Amino acid sequence: MPLDLQPAAASRDPLASELLQSVVDVARAIFGAQASSVFLLEEEAGELVFQAVSGQGEDFLIGRRFPAGRGIAGWVALSGEPMVVDDLTAHSSFDRTLAESTEYVPNALMAAPLVHDGRVLGVLEVLDPAEQARASLPELDLLALFARQAATALRFVLRQQPTADEADLGLPSRRRAEASRLLSELGSLLG
């Protein structure tokens with residue numbers, strides 16, 4: 001059975017949703033950012049879909065879609081490369097109209113692809129990170145590492161689809177234990 005990594009699969013799976021929310025909360029804390037978000041790439045539709053948001057917009061952005069080729073998140077998804085921009089007013093890839101539609105226009109951002117097995121699953125963005133996190137190669141490397149960890153955890157969580165019998169009983173304990181361990185490891189990046 002092929003692994004369904006589309007945004008719809010992640011939004012239907014409460015463990016995947018919890019994992020992604022943990023990712024954005026931890027990323028926001030690590031970088032002292034005003035907001036953080038995860039977009040998943042819906043390849044067939046050619047769209048990025050907000051799956052988790054921490055900070056500004058968390059109440060209304062989940063499920064919102066935009067073309068995968070727009071903005072910095074779109075560039076990161078298409079290129080598979082992380083990016084940091086200290087002054088978005090001077091950057092040609094920044095789509096101000098798209099940012100305004102989210103009701104939060106950042107001044108700076110960091111973005112890294114969620115990549116697993118050479119495949120871009122989505123993008124992790126950190127908006128208005130603390131000054132010391134901006135334009136720093138080690139900080140961008142940390143974000144990219146964190147995004148790879150998140151992609152691996154997401155693939156694991158979505159791969160572990162329960163059987164019909166397990167679904168009747170709730171989340172299998174082995175799956176819950178492994179997902180908790182992965183969430184713990186993601187949180188340990190703070191230390």
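**Exercise 1. List the residues that Ser36 touches beyond four places in sequence, and decide whether Ser36 is buried or exposed.**

Step 1. Setting aside residues up to four places away in sequence, the contacts of Ser36 are Val24, Ala27, Arg28, Ala52, Val53, Ser54, Leu124, Glu125 and Val126. The model is a predicted one.

Step 2. Ser36 itself belongs to strand 1. Helix 2 (residues 14-30) lies across strand 1 (35-42), strand 2 (47-55) and strand 6 (119-127). The direction of helix 2 is at about 60° to strand 2.

Step 3. Buried means under 20% relative accessible area. Ser36 has 1% relative accessibility, so Ser36 counts as buried.

Step 4. There is also a polar partner: the Ser36 side chain comes to 2.9 Å from the backbone oxygen of Glu125.

**Exercise 2. Work out the strand order of the sheet and state which strands stand at its edges.**

Step 1. The sheet is open and has six strands, in the order 3-2-1-6-5-4, with antiparallel pairing.

Step 2. Strand 3 (65-67) and strand 4 (83-85) have a single partner strand each, so they stand at the edges and one side of each lacks a neighbour in the sheet. From one strand to the next, the twist averages 25°.

Step 3. Now take the pairs. Strand 1 and strand 6 are joined by six bridges, and Ala35 is opposite Leu127 in strand 6. Strand 5 and strand 6 are joined by eight bridges, with His116 opposite Arg119. Between strand 4 and strand 5 (residues 109-116) there are three bridges; Met83 has Ala111 as its bridge partner in strand 5.

Step 4. Helix 3 (residues 71-79) packs on this sheet and touches strand 1, strand 2, strand 3, strand 4, strand 5 and strand 6. The directions of helix 3 and strand 6 make about 145°.

**Exercise 3. Describe the hairpin formed by strand 5 and strand 6, and say how many residues of strand 6 are buried.**

Step 1. Two residues lie between strand 5 and strand 6 in the hairpin. In the turn, Asp117 has a positive phi of about 55°.

Step 2. Eight of the nine residues of strand 6 are buried, so the strand is mostly covered.

**Exercise 4. Characterise the surroundings of Phe50.**

Step 1. Phe50 is located in strand 2. With 6% relative accessibility, Phe50 counts as buried.

Step 2. Phe39 is 11 residues from Phe50 along the chain, yet their C-alpha atoms are 4.4 Å apart.

Step 3. Beyond four places in sequence, the contacts of Phe50 include Phe39, Leu61, Ile62, Phe66 and Thr102.

**Exercise 5. Find which element gives the most residues to the largest nonpolar core.**

Step 1. This core has 30 residues, of which Val38, Leu114 and Leu124 touch the most other members.

Step 2. At least two residues come from each of helix 2, strand 1, strand 5, strand 6 and helix 5 (137-159). Helix 5 gives the most, with 10 residues.

Step 3. Another core, of 25 residues, lies apart from it; Val53, Leu61, Val85 and Val120 are among its members.

**Exercise 6. Identify where pLDDT stays under 50, and say how to read that part.**

Step 1. For the protein, mean pLDDT is 81, and 75% of residues reach 70 or more.

Step 2. Residues 161-169 stay under 50, and the model has six contacts beyond four places in sequence for them.

Step 3. Predicted coordinates should not be read in detail where pLDDT is low.

Definitions and conventions. Residues are numbered from 1 along each chain as its sequence is written. This is a predicted model: local features need pLDDT of at least 70, side-chain atom pairs count only at pLDDT 80 or more; totals for chains, interfaces and linings use all residues. Side-chain values use heavy atoms; hydrogens and water are left out. Two strands pair if DSSP finds at least two bridges between them. Helices (H or I, at least four residues) and strands (E, at least two) are DSSP runs, numbered from the N terminus. Axes are lines fitted to C-alpha atoms, for helices over the stretch in contact, and angles run from 0 to 180 degrees between N-to-C directions. Contact means heavy atoms within 4.5 Å. Buried means under 20% relative accessible area, exposed over 50%, partly exposed in between (1.4 Å probe, protein chains only). A polar contact is a pair of N or O atoms within 3.5 Å; within protein, one must be able to donate a hydrogen and the other to accept it, and residues adjacent in sequence count only if both atoms are side-chain atoms. pLDDT is the predictor's confidence in each residue, from 0 to 100. A nonpolar core is a set of buried Ala, Val, Leu, Ile, Met, Phe, Trp, Tyr and Cys residues joined through side-chain atoms within 4.5 Å.
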